[in-house]
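Me: I have a model open on my screen and would like to learn how to read it. Could you walk me through it, one feature at a time?

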Amino acid sequence: MTEPAKKHINLALQGGGAHGAFTWGVLDALVADGRLVFDAISGTSAGAMNAVVMVDGLARGGADGARQHLENFWKAVSREGSGNAADVFNRLMGFWDLPSPLAYFQHLSNLVSPYGINPLNINPLKETIGGLVDFANVRASTGPRLFISATNVRNGKIRIFTGKDVTADAVMASACLPYIFQAVEIEGEAYWDGGYTGNPALFPFFEDRGSDDILLVQVNSLRREDIPRSATEIVERASEITFNASLLRELRAIDFVNRMIAENRLDAKKYRRNLLHRIDATTALASYTASTRLDTSWRFFEELKTAGQKAAKAWLKTHFDDLGERATLDLRHEFM
């Protein structure tokens, strides 16, 4: 019996803290399905972590290796894991449990600066991913090409780390929330979270030699029905809007080029049609606030993984045959 031909695809993985466990579930199901070849992966923050762990796992042991490696990573960063990356969040957020108003105000001056509340720049997450991922193996891999986004602090521009530049520092730069971690210094430049400028970046695919199909795994809600009223709700929603802004701009640009090609106003030999698809965590995360991005419990991770697996299987059942033929994400609806 002849094995059916596999289809090639690019992956675009959003960042979203602990909500990246939903993406873990998506990747687990896509890899287990076995019908897809991943040409390239663009990832930001938690998306970048999922990406490098997956590529390392594929290089080590194929599909089974990738699935196991992803599980090992999320177990390690969970509150119950041996890596216990949650320690740093507990220390940084511990001021809420201060015993007296005086102690609170003494800490308030350093509240928004990690240089004050974390002067030693302790980041167990870097230790975890540096110990788990063989970055030399990742850079030498013939598997999916990686594009890791970070934001240059000085000029506000996006930087894409790819090829030989994919390192543990690059991943930490992509995940560097400036209110929690000190800027990551690489080659004399300082970097913050890539979500400010590309969450995730889609433009690296435009000139890449791989597939025209881009599957976006989105964990930041574009729309929420309730109007935020409390200070916490306002900050959370403002953060979501900020971290989706660059993505919406790229979706608009892709839609424009696709329409110009379809109307023969651009030369299809010089410009590339991109077929967008999406697996969206909005339904799975509807009952959770944005603040649960800091929930590092294994129970929460498992819940999101299961939701991601379910969403990926449903998407494959509905849209696998569309790959290479047509887009399944209505871009105009997303940004209009």
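**Reading strands, cores and a loop residue**

Reply: Gladly! Keep in mind that this is a predicted model. The chain holds eleven helices and eight strands, and 49% of its 336 residues count as buried.

Me: Let's begin with a strand. Which residues of β7 are on one side and which on the other?

Reply: The general idea helps here: in a regular strand, side chains alternate between the two faces of the sheet. In β7, Asp 213, Leu 215 and Val 217 lie on one side, while Ile 214, Leu 216 and Gln 218 lie on the other.

Me: And why is strand β7 said to be largely enclosed by the rest of the structure?

Reply: Look at residues 213-218: six of the six are buried, so the strand is largely enclosed by the rest of the structure. Buried here means under 20% relative accessible area. Both faces of β7 are covered.

Me: Which strands does β7 pair with?

Reply: Strand β1, residues 7-13, runs parallel to β7 and is joined to it by four bridges. There you can find Leu 13 opposite Val 217. Strand β8, residues 275-280, also pairs with β7 in the parallel sense, over six bridges. In that pairing, His 277 of β8 is the bridge partner of Leu 215.

Me: What do β7 and β8 make together with helix α9?

Reply: With helix α9, residues 231-262, they make a right-handed β-α-β unit.

Me: Now the interior. How many residues does the largest nonpolar core have?

Reply: In soluble globular proteins, nonpolar side chains tend to be buried together. Here the largest nonpolar core has 65 residues, and Leu 11, Leu 30, Val 52 and Met 54 have the most contacts inside it. Helix α2, residues 46-77, gives the most to this core, with twelve residues. A second, separate core has 14 residues, including Phe 147 and Leu 247.

Me: What does Met 54 touch?

Reply: Leaving out residues up to four places away in sequence, Met 54 touches Leu 11, Leu 27, Val 31, Phe 38, Ile 41, Ala 66 and Leu 70.

Me: One last residue: is Asp 208 buried or exposed?

Reply: Asp 208 sits in the loop between β6 and β7. Its relative accessible area is 11%, so Asp 208 is buried. Beyond residues up to four places away in sequence, Asp 208 touches Asn 10, Ala 40, Arg 145, Phe 147 and Arg 272. You have already met Phe 147, in the second core.

Technical notes: Residues numbered from 1 in each chain as written. Predicted model: local features only at pLDDT ≥ 70, side-chain atom pairs only at ≥ 80, totals over all residues. Heavy atoms only, no water. Buried < 20%, exposed > 50% of the residue type's maximum accessible area, 1.4 Å probe, protein only. Helix = DSSP H or I, 4+ residues; strand = E, 2+ residues; numbered from the N terminus. Pairing = 2+ DSSP bridges. Right-handed = clockwise from strand over helix to strand, strands pointing away. Core = buried A, V, L, I, M, F, W, Y, C linked by side-chain atoms within 4.5 Å. Contact = heavy atoms within 4.5 Å.
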